[in-house]
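Subject: Structure handover

Hello,

Here is the structure we spoke about, for you to take over. My notes on it follow below the entry.

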Amino acid sequence: MSSGGESGVYDGNCHCGAVRYTVKLSPPLPEYVVTQCNCSVCTKIGYLLVYPSIDDFTSTRGEDQLKEYRFGSKRRPHRMCGNCGCSILIDLSETGQNTYALNVRMFKDVDLDKFKYKYVDGKNLALPQYEI
Ligand SMILES: [Zn+2]
C-alpha cells in the first residue's frame with residue numbers, strides 16, 4: 001500500500017555533531033505543520049516537533065552518545081546529546097505509537113521562520129500539573 005503523498009528527507013544533527021540522523025517526513029517541509037506546545041517540558045527545552053514514524057528515522061552517528069530524561073508517566077524518554085545537551089527527540093514507542101516526536105530545530109540549515117505551526121495547549125492538557 002502506498003501513501004501516495006509527497007515526502008522529504010532531512011538530515012539532522014546536534015550542535016556538536018556527535019549525534020546525526022536522517023529522517024523522512026510526509027508531507028515535506030514547509031507543508032508539514034510543526035507543533036509548538038506550551039507544556040512545562042516544551043517550554044523549558046524549546047521543542048518544535050514533527051512526528052515521523054520510527055521506521056522513517058535512521059541514526060547515522062552517535063546513538064550511544066544520547067542521554068535520557070523521563071518524568072511523569074516515565075513512558076516517554078526524551079533523548080539529548082550527552083556532550084552538547086541538544087534535545088533530539090521524544091520516543092513515544094512505549095506508549096504504543098511507532099513514532100518519534102522529533103525536534104525540528106536539529107534539522108540541518110533549518111529556517112524556523114518558514115514553517116507552518118500548530119499551537120498546542122499542553123500546559124492545560126497535561127496532568128498532573130507541573131510543579132517544582
Ligand atoms: Zn552534541
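I start with a single residue: Lys-74 is partly exposed, because its relative accessible area is 48%. Please keep in mind throughout that this is a predicted model. Lys-74 sits in the loop that runs between strand E6 (66–69) and E7. Its backbone is the reason I list it: phi of Lys-74 is positive, about 65°, although the residue is not a glycine. Asp-109 belongs with it, being another residue other than glycine with a positive phi, in this case near 55°. Asp-109 is placed in the loop between E9 and strand E10 (116–120). With a relative accessible area of 74%, Asp-109 is exposed.

Two peptide bonds are also worth a look. The bond that joins Ser-26 and Pro-27 is cis, with omega at about -5°. Another cis bond runs from Leu-29 to Pro-30, and its omega is near 0°. Pro-27 lies in the loop between strand E2 (20–25) and E3, and Pro-30 is likewise in the loop between E2 and E3. As background for both groups, most residues other than glycine have a negative phi, and most peptide bonds are trans.

Now the chain as a whole. The protein chain contains two helices and ten strands. In sequence order the pattern reads β-β-β-α-β-β-β-β-β-β-β-α. The radius of gyration is 15 Å, which agrees with the value near 14 Å that a compact globule of 132 residues would have. Along the principal axes, the C-alpha atoms fill a box of roughly 45 × 30 × 30 Å.

Of the 132 residues in the protein chain, 38% are buried. Among contacts with a separation of 6 or more, 55% are between residues 24 or more positions apart. The accessible surface comes to about 8,100 Å², and carbon and sulfur atoms account for 48% of that. On charges, there are 16 positive and 15 negative side chains, with the centres of the two sets 5 Å apart.

There is one annotation to pass on. UniProt, in an unreviewed entry, lists residues 10–131 as "domain: CENP-V/GFA". Over residues 10–131 the chain is 8% helix and 36% strand. The C-alpha atoms at the two ends of that range are 36 Å apart.

The remaining notes concern individual positions, starting with those that are buried.

Cys-81 is part of strand E7. Its relative accessibility is 2%, so Cys-81 counts as buried. Leaving out residues up to four places away in sequence, Cys-81 touches Cys-14, Cys-16, Ala-18, Val-19, Gln-65, Leu-66, Cys-86 and Ile-88. Three of the names in that list are cysteines, namely Cys-14, Cys-16 and Cys-86. From Cys-81 to Glu-63 the C-alpha distance is 8.8 Å, for a separation of 18 residues in sequence.

Thr-35 lies in strand E3 (residues 33–37). Thr-35 is buried, with a relative accessible area of 6%. Beyond residues up to four places away in sequence, Thr-35 touches Tyr-47, Leu-48, Leu-49, Tyr-51, Lys-118 and Val-120.

Thr-99 is a loop residue, found between E8 and strand E9 (100–103). Is Thr-99 buried or exposed? Thr-99 counts as buried, because its relative accessibility is 15% and the cut-off for buried is under 20%. Apart from neighbours within four places in sequence, Thr-99 is in contact with Tyr-51, Pro-52, Ser-53, Ile-54, Ile-90, Asp-91, Leu-92 and Ser-93. Tyr-51 appears in the contact lists of both Thr-35 and Thr-99.

Asn-83 is in the loop between strand E7 (78–81) and strand E8 (87–91). Asn-83 counts as exposed, because its relative accessibility is 56% and the cut-off for exposed is over 50%. The C-alpha atoms of Asn-83 and Cys-37 are separated by 26 Å, and the two residues are 46 apart along the chain.

If you check the backbone yourself, the entries to look at are the cis bonds Ser-26 to Pro-27 and Leu-29 to Pro-30, along with the positive phi values of Lys-74 and Asp-109.

Regards

Methods: Residues numbered from 1 in each chain as written. Predicted model: local features only at pLDDT ≥ 70, side-chain atom pairs only at ≥ 80, totals over all residues. Heavy atoms only, no water. Helix = DSSP H or I, 4+ residues; strand = E, 2+ residues; numbered from the N terminus. Rg over C-alpha atoms; globule rule 2.2 N^0.38 Å. Buried < 20%, exposed > 50% of the residue type's maximum accessible area, 1.4 Å probe, protein only. Contact = heavy atoms within 4.5 Å. Areas by Shrake-Rupley, 256 points an atom, 1.4 Å probe, with all protein chains shown as cover. Lys, Arg positive; Asp, Glu negative; His and termini not counted. Charge placed at Lys NZ, Arg CZ, Asp CG, Glu CD. UniProt positions renumbered as here; feature names shortened; annotations may be inferred.
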